[in-house]
Amino acid sequence: EQAGGGASSVRFGAYGSIFALLLTPPLASFAAAYPRVTINLLERDDAHLEEAVISGELDAAVITPWGSARTAGHQLLTEDILLVLPEGHRLAGEPTVPLSALARESVLVPPSTVNAGNIVIDAFRRAGIEPTFSYRATYPELTKALVRKGLGLAAMPRILLEPGTMEGLVAIPFTEPLTRDLMLIYPRDRMLSAVARALIMHVRMGAAEYVKNRT
């Protein structure tokens, strides 16, 4: 391929906020290392990204997994899911919040195609608690805006809760910790091109650097 044959493009997918907050540095390093390779990026929800990898529309993607694995993959990181609430909320001063404290609250979660929301709903149901789940927004900053206005609370992965985006909000761990994984997935039954494998390596190294800087 370096001699001029083979793939000259790579197709990669992720949720929009994951592109922005985690994947920009490795994508930039890959582009610098392979300036003649075209990188085609696709923003979709987790379930749609998994289907795109399986169908061959994408070479690889980063998703939060849910259910049995239908692709090959590599775990990039595990992070906490925190409760986001307005500063004046009755629970805002607590060090942790039990799921039971939210039984009468409205909890904002994304659609079922976003697997972090499925993890939250499943945790409540396994605990025998049924808050009011409101499917309001997939865009994280819109979710935060709704929380600020008192339209509900939100359970959100830590990567989305950078200090500069949290004005008027508090993020508190759950007493029974909730976490989500981010997985780099690729096909089980197809050989990837050399450029796709190179991009995967850049993404893995970039995620490792991100984890190192956060600890």
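Begin by selecting strand E4 (residues 72-86), which gives 4 residues, the largest share, to the lining of the second largest pocket. Strands such as this one (E, at least two residues) and helices (H or I, at least four residues) are DSSP runs, numbered from the N terminus. The model on your screen is a predicted one, in which local features need pLDDT of at least 70 and side-chain atom pairs count only at pLDDT 80 or more, while totals for chains, interfaces and linings use all residues. Residues are numbered from 1 along each chain as its sequence is written, and side-chain values use heavy atoms, with hydrogens and water left out.

**The pocket at E4**

Keep E4 selected and add Leu77, Thr78, Glu79, Asp80, Arg158, Tyr210, Val211 and Arg214, the residues that line the second largest pocket. Besides E4, helix H5 (194-214) is an element that gives two or more residues to this lining. A pocket here is an open set of points on a 1 Å grid over the protein atoms alone, with protein on both sides within 12 Å along at least five of seven lines; a cavity is a set where a 1.4 Å probe fits but cannot get out, and lining residues have an atom within 4 Å of a point. The space in this pocket is about 160 Å³, where a volume is the space filled by probe spheres set on grid points joined across faces, edges and corners. Colour the lining by residue type and you will find 3 nonpolar, 1 polar and 4 charged residues, where Ala, Val, Leu, Ile, Met, Phe, Trp, Tyr, Cys and Pro count as nonpolar, Asp, Glu, Lys and Arg as charged, and the others, Gly among them, as polar.

**The enclosed cavity**

Which residues lie nearest the centre of the largest cavity? Select Tyr15, Pro110, Val114, Pro157 and Leu160, which hold that place among the 27 residues of its lining. The elements that give two or more residues to this lining include helix H1 (16-33), strand E3 (60-63) and helix H4 (140-148), and the largest share, 4 residues, comes from strand E7. The structure holds 1 cavity of 30 Å³ or more, and about 260 Å³ of space lies in the largest cavity. Its lining divides into 19 nonpolar, 5 polar and 3 charged residues.

**Two β-α-β units**

Move next to strand E1 (residues 9-14) and strand E2 (residues 38-43), which run parallel and are joined by 6 bridges; two strands are said to pair if DSSP finds at least two bridges between them. To see one of these bridges, select Phe12 together with Leu41, its partner in E2. Show H1 as well, since E1, H1 and E2 make a right-handed β-α-β unit; the crossover is right-handed if, with the strands pointing away from the viewer, the path from the first strand over the helix to the second runs clockwise. E1 also pairs with E3 in the parallel sense, over 3 bridges, and there the bridge partner of Gly13 is Ala61.

For the other unit, select strand E5 (residues 106-109) and strand E6 (residues 132-135), which pair in the parallel sense over 4 bridges, with Phe133 of E6 as the bridge partner of Val107. Adding helix H3 (residues 115-126) completes another right-handed β-α-β unit, made of E5, H3 and E6.

**Three single residues**

Is Ala52, in helix H2 (residues 46-55), buried or exposed? Ala52 counts as buried because its relative accessibility is 1%, where buried means under 20% relative accessible area, exposed over 50%, and partly exposed in between (1.4 Å probe, protein chains only). Go on to Gly93, in the loop between E4 and E5, which is exposed, with a relative accessible area of 73%. Gly93 and Val170 are 77 residues apart in sequence, yet 8.7 Å apart in space, C-alpha to C-alpha. Finally pick Ala33 in H1, which is partly exposed at 45%, and draw a line from its C-alpha atom to that of Leu153, 120 residues along the chain, where the separation is 43 Å.

**The whole chain**

Zoom out to take in the chain, whose secondary structure comes to 5 helices and 8 strands. The C-alpha atoms fill a box of roughly 65 × 35 × 25 Å, taken along the principal axes, and buried residues make up 48% of the 215 residues.
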